[in-house]
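Me: Please take a close look at one part of the model shown here, and then set that part against some of the rest of the chain. I would like the criteria behind each term stated as you go.

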Amino acid sequence: MANRINDIKKEVVYYAKLMDEKGMVNTLEGNLSILDRETGELYITPSGTRKRFLDEDMIAVVKDGEQIAGSVKRSSEYLLHEAALNARPDCNAVAHIHAPYLTAYAYCGKDISMKCSTTFALVFGEKIPCLPYGEAGTVHIADGIEEAIKNHDLVLLGNHGVVAVGKTMEDAVKIIEAAEEVLRIYHITQGIGEVKNIPEDKWLSLIENHPGSRKNRYK
Ligand SMILES: [Zn+2]
């Protein structure tokens with residue numbers, strides 16, 4: 001038991017530091033969590049702490065809405081994590097990130113939809129949806145998340161950031177990295193020329209028939 005808890009905390013710390021290194025979180029923005037479904041305990045990065053300086057003792061443990069362990073106060077955004085995990089019993093990890101390209105779309109309140117990238121088609125299908133604005137630090141931050149995250153592993157929070165879920169933290173983080181990279185490259189294309197979309201029938205076939213598509217992964 002103690003070993004398992006320590007492993008969960010280590011995993012949260014490892015990925016929080018990785019996201020910090022990649023400029024996807026900072027002291028004030030972004031938090032990561034893993035839910036231990038056996039005990040109902042949520043292990044989440046604390047608020048107002050530079051992720052680079054995190055250690056296992058600082059990870060906040062939240063159960064039934066109360067913090068029961070951890071040397072630093074939990075992030076107020078734990079509500080968002082709980083809502084996402086409630087909606088996705090197949091997932092145990094949540095990464096709430098402020099990756100720049102993805103967050104730029106959230107600032108514009110725009111869904112992301114593109115047909116020029118095989119990665120996008122396979123990982124996300126038709127779109128990454130953007131939820132309307134919900135006030136940070138209140139229950140409204142989680143408004144709409146349960147419905148949206150049921151059908152999308154990655155969701156934009158209007159005027160705020162990004163939430164991804166995964167069976168493991170690696171699963172949640174890898175789709176954020178993939179989306180961010182696709183958008184970075186998409187941005188580069190703007191100075192080169194007109195983006196060519198995958199022909200409609202081939203794009204549909206990728207989504208419907210490819211064994212690695214989201215639709216087929218969740219069969
Ligand atoms: Zn946030």
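**The zinc site and its surroundings**

Reply: Glu77 is buried, its relative accessible area being 10% (buried means under 20%, exposed over 50% and partly exposed in between, with a 1.4 Å probe and protein chains only). This is a predicted model, in which local features need pLDDT of at least 70 and side-chain atom pairs count only at pLDDT 80 or more, whereas totals for chains, interfaces and linings use all residues. Residues are numbered from 1 along each chain as its sequence is written, and side-chain values use heavy atoms, with hydrogens and water left out.

Glu77 takes part in coordinating the zinc ion through OE, together with His96, His98 and His160, each of which contributes NE2, at 2.0 to 2.8 Å. Donors are N, O and S atoms within 2.8 Å of the metal (3.2 Å for Na, K and Ca), and since water is not among the atoms, sites may look incomplete. The angles among the four donor atoms run from 88 to 165°, and the site is classed as irregular; that is the class for anything that is neither tetrahedral (four donors, all angles between 85 and 135 degrees) nor square planar or octahedral (four or six donors, opposite ones over 155 degrees apart and all others between 65 and 115).

Along the chain, the donors of the zinc ion have the spacing E-x18-H-x1-H-x61-H. Glu77 and His160 thereby link distant parts of the chain, 83 residues apart: Glu77 lies in the loop between β4 (66-69) and α2 (78-87), and His160 in the loop between β7 (154-157) and β8 (161-166). Helices here are DSSP runs of H or I with at least four residues and strands are runs of E with at least two, numbered from the N terminus. Like Glu77, with its 10%, His160 is buried, at a relative accessible area of 9%.

Turning to the cysteines, the structure holds zero disulfides (a disulfide being a pair of cysteine sulfur atoms within 2.5 Å). Cys116 is in none, and the nearest cysteine sulfur to it, that of Cys108, is 17 Å away; Cys116 counts as partly exposed, at 26% relative accessibility. Cys130, by contrast, counts as buried at 14%, and because its sulfur is 9.0 Å from the closest cysteine sulfur, again in Cys108, the two are too far apart for a bond.

Cys130 is also touched by Lys110, as are Tyr105 and Leu156, when residues up to four places away in sequence are not counted (contact means heavy atoms within 4.5 Å). Lys110 sits in the loop between α3 and α4 (118-124), and its C-alpha is 15 Å from that of Glu180, 70 residues away in sequence. Glu180 belongs to α6 and is among the residues of that helix that meet α3, where Pro100, Tyr101, Leu102 and Tyr105 form the other side of the contact. Another set of α6 residues, Met169, Glu170, Val173 and Glu177, meets Glu11, Tyr15, Leu18 and Met19 in α1.

A last position to look at is Thr45, in the loop between β2 (41-44) and β3 (60-63), which is buried with a relative accessible area of 0%. Neighbours within four places in sequence aside, Thr45 contacts Val12, Ala16, Gly30, Asn31, Leu32, Leu54, Ile59 and Ser75. Its C-alpha and that of Met114, 69 residues apart along the chain, are separated by 33 Å.
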